Amino acid sequence: MKETIQLHKDQYIEELKDFLRIPSISSVNDYKEDVQKAAKWLEGALKKIGMENIEIIQTEGHPIVYADWLHAEGKPTVLIYGHYDVQPAEPLNLWETPPFEPVVRANKIYARGATDDKGQVFIHIKALEAIMDKDGKLPVNVKFCIEGEEEIASRNLPPFIDQNQEKLAADAVLVSDTSFIDKNQPAICTSLRGALALEMNVKTANTDLHSGQYGGGVPNAVHSIVQLLDSMHNENGKVAIDGFYEGVPTPTPELREEVAQIPFDAEKTKKELNMTELFGEEGFTFQERTGIRPTLEINGVAGGFAEEGMKTIVPKEAVAKISCRLVGEQSPEKVYEYIQKHVEKYKPVGAQVDLKQLIKADPVSLDSQDPMIQKAADAYEDVYGIRPLFPKEGGSIPIVEVFARVLDAPVVLMGFGLPSENLHAPNEHFHLDNFTKGIETVCEYLYSL
């Protein structure tokens, strides 16, 4: 299989470039037709490799692409999930080459969506093509469920899964939307934090005011939002919102030992990030803070005048974006309520504060010893020559918890990205060695089932 993949590598890359050229940005309405175009492109790619019952299923938002091949009688069924939507490419001036004009440099392909998640989705399509070309059939039954809304929290996929449990029923759900620990250490993620994202809007006066005439005598919206945001953590990095840690489990010695197995070099990280210190919740390591502990982060603050020059005003309005990562039994709904109560309790005099919930997702934990996950580890070891580790991811893929709960099937997070590939950032790229080895690994895995 390795020889076949290498023989067709250039062809695969050209096809991937076609996929990457489509600016399927799900969060911006101007790109709605491009999202539809990406779904249509997938329809053609799945038809080409012999998939059947291909559907582009329209939702209230962006479409879901479904396909299957169900002729392996008595064999397991694998549901392959991925997403074809991408993040916005801004700031465009930081890209070395245009984000939707894919280019290969130093054996990496550069484009928005290269690693998150078009390149990784395409691994599965090419793996099935390689097997079909070799054998004329697949060793297992396969279903595809590829969505166009992952980057906007999969708004319409959960109800689709609920309503189509039989259609999507599988013995394992295979997802490639995660990364290795580093270039030479594959990983199978075994937990994902949940998420809650919200927007805070603070208003004071009905207009910006002259700071000479009114400064010192009226509330300042920017002062107010800074004061509120600062109240949400204590000096030791702990979230200072009553009730926030409800449902957070105390890490067992076994869990802390498993987390400690994941390599981490603090000095290297500081150097790479050009930082003098790391910081977080007291009493926990960096790996624990970013993998198994909950967080509350301020993602952005805006208000007043921030352009070149000076404008002496008392701002009337300020806004902040806040995101939480959740673990254990934390409920996004409950955490949102606790933040509302905190804001009501600590809002400064004269400030009107409005909160708007944007994203919510439950945490999920997976059993690393599940046979479906262990067989994936075997496949990595066969191809890469090293057995993967089982990290706890700090990020969130909201739909993983839904698949695991509704379909009652193990979810295998078989990622091929690298942490350094600038996903969600300018100059996103995907290492082509992992693209070709990923195809080989997926082939090995499906054969092993």
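**Exercise 1. Lay out the sheet that contains β4, β5 and β18.**

Step 1. This open sheet has 3 strands, ordered β4-β5-β18, and its pairing is antiparallel. Strands (E, at least two residues) and helices (H or I, at least four) are DSSP runs, numbered from the N terminus. Two strands pair if DSSP finds at least two bridges between them.

Step 2. β4 (103-105) and β18 (429-431) are the edges; each has a single partner strand, so one side of each lacks a neighbour in the sheet.

Step 3. Neighbouring strands are turned by 25 degrees against each other on average, direction ignored.

Step 4. β4 pairs with β5 (residues 108-110) in the antiparallel sense over 3 bridges. Val103 stands opposite Tyr110 in β5.

The model is predicted: local features need pLDDT of at least 70, side-chain atom pairs count only at pLDDT 80 or more, and totals for chains, interfaces and linings use all residues. Residues are numbered from 1 along each chain as its sequence is written, and side-chain values use heavy atoms, with hydrogens and water left out.

**Exercise 2. Which strands does α2 lie across, and which does α15 touch?**

Step 1. α2 lies across β4 and β5 and runs at about 20 degrees to β5. Angles run from 0 to 180 degrees between N-to-C directions; axes are lines fitted to C-alpha atoms, for helices over the stretch in contact.

Step 2. α15 (residues 432-448) packs on the sheet and touches β4, β5 and β18. Its direction makes about 60 degrees with that of β18. Contact means heavy atoms within 4.5 Å.

**Exercise 3. Describe how α2 and α4 cross.**

Step 1. The axes of α2 (residues 9-20) and α4 (residues 118-135) come within 11 Å and cross at roughly 140 degrees.

Step 2. That makes α2 oblique to α4 (under 35 degrees is roughly parallel, over 145 roughly antiparallel, 65 to 115 roughly perpendicular, the rest oblique).

Step 3. The crossing is right-handed: the near helix is turned clockwise from the far one by less than a right angle.

Step 4. From α2, the residues in contact are Tyr12, Glu15, Leu16, Phe19 and Leu20. They meet Lys118, Gly119, Phe122, Lys126, Glu129 and Ala130 in α4.

**Exercise 4. In what order do the strands of the 4-strand sheet run?**

Step 1. The order is β11-β13-β9-β14, in an open sheet with antiparallel pairing.

Step 2. β11 (295-303) and β14 (352-361) stand at the edges, each with a single partner strand. The twist averages 15 degrees from one strand to the next.

Step 3. β9 (residues 194-203) and β13 (residues 317-326) pair over 10 bridges. Leu198 stands opposite Ile322 in β13.
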